[in-house]
Amino acid sequence: MLSATIAAHPAAAITLRQRHSLRPLQRLRVPIGAAPPRRRMATARPLVVKALASQGVPAVPPKLSFPILVNSCTGKMGKAVAEAAVSAGLQLVPVSFSAMEVPDGRLEICDREIQIHDPSESEKILPSIIEEYPDLIVVDYTVPDAVNANAELYCKLGLPFVMGTTGGNRQLLHKTVQDANIYAVISPQMGKQVVAFLAAMEIMAEQFPGAFSGYKLEVMESHQATKLDVSGTAKAVISCFQKLGVSFDMDEVKLVRDPEEQVNVVGVPAEHLAGHAFHMYHLTSPDGTVSFEFQHNVCGRSIYAEGTVDAAMFLYTKIQSGASKKLYDMIDVLREGNMR
């Protein structure tokens, strides 16, 4: 489930503490980027290809296939990406790194046996993997504390990568990649439709600076209990509101990680407690007569896994074409327009 809600009404000036449930507000509910059913797309594609061919327009490019190493696929997000990569026809490299202990040091994903090594062995093992898989792209879903060290290793080995892990020193991360001149996609948010929402927020902030000056902002985000930090998505949206004139500090974000509160107050379906992202941004005018609310709810991890695979495919095509630009984000991926 992925939705956005916007409200503006004098009677809507209710505090976040009184109601930060994401369900009650029903004035205007606009689905963001709901994907059309796959069956319809599969049925229509031959007709579209024939029509394009008859007009001299290039047909749909051939399906990509290249080796991808998911670091680490022992976590739920990494496993979801590995499964999405196999489903997309990519070659899942049977090696990963994780401090998490698994039986016999092996993990099975989509009938493929993945050998799990300790992260301390990565610098010793990766060179032989690169030699065996020369077109290798790494996808990183590890932990915030490992972001910068992992990026430095990838750059040292000349290994293109997609950084899906949030946290770390992001300024240093970008500098490391730029100094090494390595191909990479770095984004705090891999969900394509959520990224489109973020892009819209950035456009509004750029074109209408100060539009919400004086407004009070309240932010609530609910994630699975294992996510310890404020999400990169929330930070990006808050940054846009700051450009729009709102005064807000990151430590004011209300982090909801208690399962009981998530179900009973936020409205998270119990079956998605282990994997969800519910965000709400509530703005109130200085006199309390006007309020705006922006909301996006995600259940499960498929939206991020599919977006990550699209980012890896995008990066592969850029490498193969010898693109001069080497550092990208998910907005670049969206603009390319070749997503599945």
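This text walks through a predicted model of one protein chain, from its overall make-up to a few of its parts.

The chain has 340 residues, and 49% of them are buried. Its secondary structure consists of 10 helices and 15 strands. The accessible surface is about 17000 Å², and carbon and sulfur atoms account for 54% of that area. Contacts can also be sorted by separation along the sequence: of those between residues at least 6 apart, 69% join residues at least 24 apart.

The strands are a convenient place to start. Six of them form an open sheet with parallel pairing, in the order β4-β3-β8-β9-β10-β15. At the edges stand β4 and β15 (327-328), each of which pairs on one side only. Within this sheet, β3 and β8 run parallel and are joined by four bridges. One position in that pairing is I68, whose bridge partner in β8 is I137. In a regular strand, side chains alternate between the two faces of the sheet.

Strand β7 takes part in other pairings. With β6 it pairs in the antiparallel sense, over four bridges. These two strands make a hairpin with two residues between them, and C110 in the turn has a positive phi of about 50°. I109 has R112 in β7 as its bridge partner. Strand β5 (residues 95-97) also pairs with β7, but here the strands run parallel and three bridges join them. In this pairing F97 stands opposite H117 of β7.

Two helices show how the strands and helices cover one another. Helix α2 covers residues 76-87, and its 12 residues should span 16 Å at 1.5 Å a residue; the end C-alpha atoms lie 17 Å apart, which agrees with that expectation. Its buried residues are M77, G78, A80, V81, A82, A84, A85 and V86. The cover over these residues includes the strands β3 (67-71), β4 (91-92), β6 (106-109), β7 (112-117) and β8 (137-140), and also helix α9 (302-321). After α2 comes G89, which has a positive phi near 90°.

Helix α4 (residues 147-156) is largely enclosed by the rest of the structure, because seven of its 10 residues are buried. The buried residues are V147, N148, N150, A151, L153, Y154 and C155. Among the elements that cover them are strands β3, β8 and β9 (161-163), together with helices α3 (122-132) and α5 (170-180). G158 follows α4 and has a positive phi near 65°. Strands β3 and β8 thus appear in the cover of α2 and in the cover of α4.

Aromatic side chains give another view of how parts of the chain meet. A pair of aromatic rings is described by the distance of the centres and the angle of the planes. There are eight aromatic pairs in the model. In one of them, F212 and F292, the ring centres are 5.3 Å apart and the planes stand at 85°, so the pair is edge-to-face. F212 is in the loop between α6 (192-207) and β11, whereas F292 is in strand β14 (residues 291-299), so the pair ties together parts that are 80 residues apart in sequence. F212 is buried, with a relative accessible area of 9%, while F292 is partly exposed, at 22%.

Another pair, F241 and Y281, is tilted, with 6.1 Å from centre to centre and 45° between the planes. It also links distant parts of the chain: F241 is in helix α7 (residues 232-243) and Y281 in strand β13 (residues 276-284), 40 residues apart. F241 and Y281 are both buried. Returning to F212 and F292, these residues form one aromatic cluster together with Y215.

The last stop is a single residue, H223, in strand β11 (residues 216-223). Is H223 buried or exposed? With a relative accessible area of 7%, it falls under the 20% limit and therefore counts as buried. Leaving aside residues up to four places away in sequence, H223 touches S231, V256, R257, Q262, H276, A277 and H279. H276 is also linked to H223 by a polar contact: the backbone oxygen of H276 lies 3.3 Å from a polar atom of the H223 side chain.

Note on methods:
Residues are numbered from 1 along each chain as its sequence is written. This is a predicted model: local features need pLDDT of at least 70, side-chain atom pairs count only at pLDDT 80 or more; totals for chains, interfaces and linings use all residues. Side-chain values use heavy atoms; hydrogens and water are left out. Buried means under 20% relative accessible area, exposed over 50%, partly exposed in between (1.4 Å probe, protein chains only). A polar contact is a pair of N or O atoms within 3.5 Å; within protein, one must be able to donate a hydrogen and the other to accept it, and residues adjacent in sequence count only if both atoms are side-chain atoms. Contact means heavy atoms within 4.5 Å. Accessible areas come from the Shrake-Rupley method with a 1.4 Å probe; for residues, only the protein chains shown count as cover. Rings of Phe, Tyr and Trp (its six-membered ring) pair if their centres lie within 6.5 Å; planes under 30 degrees apart count as stacked, over 60 as edge-to-face and the rest as tilted. The expected span of a helix is 1.5 Å times one less than its number of residues. Two strands pair if DSSP finds at least two bridges between them.
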